[in-house]
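Please examine the chain below, following its strands, its enclosed spaces, its charged pairs and the unusual points of its backbone in turn.

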Amino acid sequence: MITRQKSILLTTLNARYTHSSIGLRYLFANMRELQADSAIREFTINDNIQDIAEQLLHERAAIIAIGIYIWNAEACARLIRTIKAVSPQTTIIIGGPEVSYQPLRVNFDAADFIIRGEGDTAFYELCRAVLSGSPPQQRIIQAPMADLARIELPYDCYSDEDVANRYIYVEASRGCPFLCEFCLSSIDKKVRNIDIDTLLGALETLYQRGVRSFKFIDRTFNLNIGIAARLLDFFLAHQPCFVHFEVIPDHFPDALKERIARFPAAALQLEIGIQTLNPGVASRIHRNLKLDKIEQNIRFLENETSAHMHLDLIVGLPGETLASFGHNLNRLAAITGAEIQIGILKKLSGTSLHRHDSEFDMVYADMPPYDILRNNLLSFEDIQQMKRFARFWDLYYNSGNFKQGIRLLWPDGDVFEQFHAYSVWIYEQTRSTWKISLERLAELLFTYLTGHMAIPPATAAGTLIADIMTLEGRKMPPFLKPFAHHKTAAKQVTANSHNKRQIRHTAQ
């Protein structure tokens with residue numbers, strides 16, 4: 001099939017193929033009469049830059065627009081330079097969070113125009129001016145805040161291939177009322193909601209097209225209880241499907257609790273931004289922290305619902321010691337078996353986190369992801385070790401592959417100290433945090449449990465067999481076979497590509 005060449009190409013480099021860019025689709029949906037002459041072309045950060053440039057230039061578009069994010073900024077800068085070197089007459093327009101705020105720490109000088117802010121309608125206006133031969137004199141275009149009641153929603157722009165193979169991202173609102181200094185969402189303090197009836201109609205269309213996994217990008221899904229309740233009602237009425245929301249941890253009135261409790265297992269995921277449980281640290285970064293309410297809500301979600309929780313903690317916040325972080329982790333692990341995602345602090349352009357640099361001697365990398373290198377409480381070595389801790393924690397704890405076996409590490413409940421020691425030991429054995437097979441991970445844990453923890457081999461092996469053989473289709477690692485005694489593992493379950501991790505967490 002021959003595709004007609006387009007004058008405008010909208011592109012970005014996603015983190016992986018299964019991701020899709022809702023930003024590009026918003027731009028495309030609002031191209032008006034230029035839409036017929038526009039097209040979306042998505043790639044990944046693992047694709048060869050020159051191959052991407054070749055494919056884009058092959059279409060001989062007058063305008064190439066690129067979405068810039070923290071994960072693709074450096075690759076996109078190389079792509080822009082390559083395109084301009086080969087085809088200097090091609091107009092390159094860039095936009096997205098990574099170029100919307102000062103300072104720009106990646107060199108994008110080769111781009112012709114930069115749109116800062118929400119480009120839903122500003123991009124169309126700029127393209128129209130460029131194609132008419134009257135481009136604006138200024139290189140940087142400050143876009144006005146989009147009127148969510150008037151712009152076109154992007155959901156018809158998801159293709160059948162997207163529906164079949166990619167995550168479908170949706171949103172019910174933009175902005176965040178909170179002031180957390182590490183977060184770009186704190187810049188847009190006014191929360192704007194998309195008309196809920198219009199949105200529900202779009203979600204119904206997506207569902208009828210076959211979408212069964214919806215990932216909301218709203219920062220505070222449960223801020224407006226009326227809207228949140230209607231969305232939950234929609235997804236309760238459209239089971240089976242999987243839906244992901246980011247929520248604030250201290251705002252779960254009964255209207256939401258009742259609905260959340262009705263979701264079946266592996267159907268609802270809630271990402272809950274804890275970040276720190278240290279009141280002094282939270283106050284310092286303007287993080288709202290109601291500890292009693294947070295703990296009460298997490299216990300409710302843990303004990304009275306089937307919702308899969310994904311809790312976030314950050315290493316390196318100003319004033320947070322390793323001991324304080326360890327207390328945060330131990331406290332969360334004591335009240336929930338949910339995923340606890342451990343992130344490393346990043347200083348994003350546009351945030352006010354820089355005001356702590358002098359007092360706490362905060363030093364950050366000058367290239368994406370702008371992560372902290374050291375401060376007056378954590379050395380560079382500490383940070384490096386915690387990066388490895390976070391990676392191994394994800395492989396062992398958050399993956400759900402070792403749901404019971406990993407808990408053998410901390411019989412006294414000191415999760416942080418025991419896993420810290422284990423993560424140091426793993427790195428001594430592997431000198432790597434990547435490309436470690438499930439079998440190798442299991443063998444490392446078995447060796448440590450039986451050697452350093454003096455757990456009887458039969459006990460450790462039996463627990464690991466039950467963990468690993470939960471998912472249907474898995475083969476037992478050879479080193480565990482002598483301990484199987486011809487017994488079958490616990491009842492195996494199946495899972496699809498969108499909720500396999502959630503299934504592992506709920507299967508035992």
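Two strands count as paired if DSSP finds at least two bridges between them. In this predicted model, strand β12 (residues 268-275) and strand β13 (residues 308-315) meet that condition, pairing in the parallel sense over 6 bridges. Strand β11 (residues 242-247) also runs parallel to β12 and is joined to β12 by 5 bridges. The chain passes from β11 through helix α8 (residues 254-260) to β12, and this β-α-β crossover is right-handed.

Individual residues show how β12 sits between these two partners. E271 of β12 is the bridge partner of E246, and in β13 the bridge partner of E271 is H310. How many residues of β12 are buried? The count is 8 of 8, so that the strand is mostly covered, buried meaning under 20% relative accessible area. The side chains alternate: L268, L270, I272 and I274 point one way from β12, whereas Q269, E271, G273 and Q275 point the other way, and all are buried.

The next topic is empty space. Rolling a probe the size of a water molecule over the atoms shows where such space is left. Across the whole structure, the search finds 1 cavity of 30 Å³ or more. The largest cavity holds about 50 Å³ of space, and its lining is formed by L277, L291, I294, E295, I298, R331, L332 and I335. Helices α10 (291-304) and α11 (322-335) are the elements that give two or more residues to this lining. The most comes from α10, with 4 residues. By character, the lining of the largest cavity divides into 6 nonpolar and 2 charged residues, with no polar ones.

The second largest pocket contains about 390 Å³ of space. Its lining has 20 residues, of which R25, I40, R41, E42 and S159 are the closest to the centre. At least two lining residues are supplied by each of α1 (22-29), β2 (38-44) and α5 (160-165). Strand β2 gives the most to the lining of this pocket, with 7 residues. Here the division is 6 nonpolar, 6 polar and 8 charged residues.

Two of the residues just named recur among the charged contacts: R25 and E42 are linked with E161, D162 and R166 in a network of salt bridges. Side chains of opposite charge can pair when their charged atoms come close. Within the network, D162 forms a salt bridge with R166, and the closest N and O atoms are 2.7 Å apart. Are these two residues buried or exposed? D162 counts as buried because its relative accessibility is 3%, and R166 is likewise buried, with a relative accessible area of 10%.

The whole structure has 22 salt bridges, and further examples lie in other settings. In helix α4 (residues 122-131), E125 and R128 lie 3 residues apart, about one turn of the helix. Their side chains meet in a salt bridge with an N to O distance of 3.0 Å. E125 counts as partly exposed at 35% relative accessibility, as does R128 at 41%.

Another salt bridge joins D361 to R374, with 2.7 Å between the closest N and O atoms. This pair links distant parts of the chain, 13 residues apart: D361 is in the loop between β14 (339-344) and β15 (363-364), and R374 is in strand β16 (residues 372-374). Relative accessibility is 36% for D361, which therefore counts as partly exposed; R374, at 33%, also counts as partly exposed.

The backbone itself remains to be considered. Where are cis peptide bonds found? One runs from Q239 to P240, with omega near 5°, and P240 lies in the loop between α7 (225-236) and β11. Another runs from P368 to P369, with omega near 10°, and P369 is placed in the loop between β15 and β16.

Positive phi values occur at two residues that are not glycine, K435 near 55° and A454 at about 55°. K435 is in the loop between α13 (415-430) and α14 (438-451), and counts as exposed because its relative accessibility is 87%. A454 is in the loop between α14 and α15 (457-468), and at 60% relative accessibility A454 also counts as exposed.

Note on methods:
Residues are numbered from 1 along each chain as its sequence is written. This is a predicted model: local features need pLDDT of at least 70, side-chain atom pairs count only at pLDDT 80 or more; totals for chains, interfaces and linings use all residues. Side-chain values use heavy atoms; hydrogens and water are left out. Buried means under 20% relative accessible area, exposed over 50%, partly exposed in between (1.4 Å probe, protein chains only). A crossover is right-handed if, with the strands pointing away from the viewer, the path from the first strand over the helix to the second runs clockwise. On a 1 Å grid over the protein atoms alone, a cavity is a set of points where a 1.4 Å probe fits but cannot get out, and a pocket is an open set with protein on both sides within 12 Å along at least five of seven lines; lining residues have an atom within 4 Å of a point. Grid points are joined across faces, edges and corners, and a volume is the space filled by probe spheres set on the points. Ala, Val, Leu, Ile, Met, Phe, Trp, Tyr, Cys and Pro count as nonpolar, Asp, Glu, Lys and Arg as charged, and the others, Gly among them, as polar. A salt bridge is a side-chain nitrogen of Lys or Arg within 4 Å of a carboxyl oxygen of Asp or Glu.
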